[in-house]
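Subject: Handing over a structure, with notes on what was found

Dear colleague,

I am passing on the structure below, together with a written account of what came out of going through it. Please have it open while you read, as the notes move from one part of the chain to another.

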Amino acid sequence: GLALQRGTRLHEALSRIAWLEPDAPQPADIPRGELDLTQPSAFRDALTLRSGVSDLWRERAFELIEGDEWISGTFDRVVFFGAQSDRSAEIFDFKSNRRRSDETEQAFAQRLRATYAAQMANYRRALSRLSGIGESAIRCSLLLTDTRQAVTI
């Protein structure tokens, strides 16, 4: 339906952003009514280059067999920090779910954290195997387009 089309369109536009400049205008292909990236937010911060970044993956598909389990997916955005044995990473997954009319931002964040915890645990495991970075050095965050929150899992 329309929600899926909106989510797909937003996701595609966000995947084209390598880094937002600190004072950058709104990206042309993201309508402000759908996601305002001009105002400070945790969401915007996640798309802004910070010190220590060593690499960036966008829309990187993966397939991994671990034991008798097949794990596949696509990393929306992975930011790598540091080098050699001091490497860490953060996986960002875009979510275009809508907040319910009677739901606080905190309750919305908690609902999505619970909904996607298993997916993000699989992504953390996969990234660890693919990159050699220990799972404890990999953070996972949901980037919620509806509330511009970054929710750590």
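Contact here means that heavy atoms lie within 4.5 Å. With that in mind, and bearing in mind that this is a predicted model, S131 makes a convenient starting place: leaving aside its neighbours within four places in sequence, S131 is in contact with F80 and R87. S131 lies in helix α3, and its relative accessibility of 14% means that it counts as buried, the limit being under 20%. The side chain of S131 also reaches back along the chain, to the backbone oxygen of L127, at 2.6 Å.

The sheet comes next. Five strands make up an open sheet, arranged in the order β1-β2-β3-β4-β5, and the pairing among them is mixed. At the edges stand β1 and β5 (149-152), each with a single partner strand, so that one side of each is left without a neighbour in the sheet. On average, and with direction ignored, neighbouring strands of this sheet are turned by 35° against each other. Within the sheet, β3 and β4 pair in the parallel sense over seven bridges, and K95 has L144, in β4, as its bridge partner.

Two helices can be placed against these strands. Helix α1 lies across β1, β2 and β3, running at about 125° to β1, while α3 packs on the sheet and touches β1, β2, β3, β4 and β5, its direction making about 140° with that of β4.

In soluble globular proteins, nonpolar side chains tend to be buried together. Here the largest nonpolar core has 23 residues, of which F75, V78, F80, A89, I91, L127 and L142 touch the most other members. At least two residues of this core are supplied by each of β1 (53-66), β2 (69-81), β3 (88-95), α3 (105-131) and β4 (138-144), and the largest share, eight residues, comes from α3. Apart from this core lies another one, of 17 residues, which includes I17, L20, L47 and F94.

Which residues is F75 in contact with, once its neighbours within four places in sequence are left aside? They are W57, R58, E59, R60, F62, I91, Y123, A126, L127 and L130. F75 is buried, with a relative accessible area of 0%.

F75 also takes part in ring pairs, and the structure holds six aromatic pairs. In one of these, the rings of W57 and F75 have their centres 6.0 Å apart and their planes at 45°, so the pair is tilted. Since W57 lies in strand β1 and F75 in strand β2, this pair ties together parts that are 18 residues apart in sequence. W57 is itself buried, with a relative accessible area of 12%. In another pair, the rings of F75 and Y123 have their centres 5.5 Å apart and their planes at 75°, so this pair is edge-to-face. Because F75 lies in strand β2 and Y123 in helix α3, the pair ties together parts that are 48 residues apart in sequence, and both F75 and Y123 are buried. Ring pairs link W57, F62, F75, F80 and Y123 into a cluster.

Two further buried residues deserve a place in these notes. S15 is found in helix α1 (residues 2-15) and is buried, with a relative accessible area of 16%. Not counting residues up to four places away in sequence, S15 touches R58 and E59; the C-alpha atoms of S15 and R58 are separated by 6.3 Å, although these residues are 43 residues apart along the chain.

The other is T48, which lies in the loop between α2 (42-46) and β1. Is T48 buried or exposed? At 16% relative accessibility, T48 counts as buried. A polar atom of the T48 side chain lies 2.9 Å from the backbone oxygen of R44, and T48 touches W19 and L20, again not counting residues up to four places away in sequence.

With best regards

Key
Residues numbered from 1 in each chain as written. Predicted model: local features only at pLDDT ≥ 70, side-chain atom pairs only at ≥ 80, totals over all residues. Heavy atoms only, no water. Core = buried A, V, L, I, M, F, W, Y, C linked by side-chain atoms within 4.5 Å. Buried < 20%, exposed > 50% of the residue type's maximum accessible area, 1.4 Å probe, protein only. Helix = DSSP H or I, 4+ residues; strand = E, 2+ residues; numbered from the N terminus. Polar contact = N/O pair within 3.5 Å; in protein donor to acceptor, adjacent residues only side chain to side chain. Pairing = 2+ DSSP bridges. Axes fitted to C-alpha atoms, helices over the stretch in contact; angles between N-to-C directions. Phe/Tyr/Trp six-rings, centres within 6.5 Å; stacked < 30°, edge-to-face > 60°.
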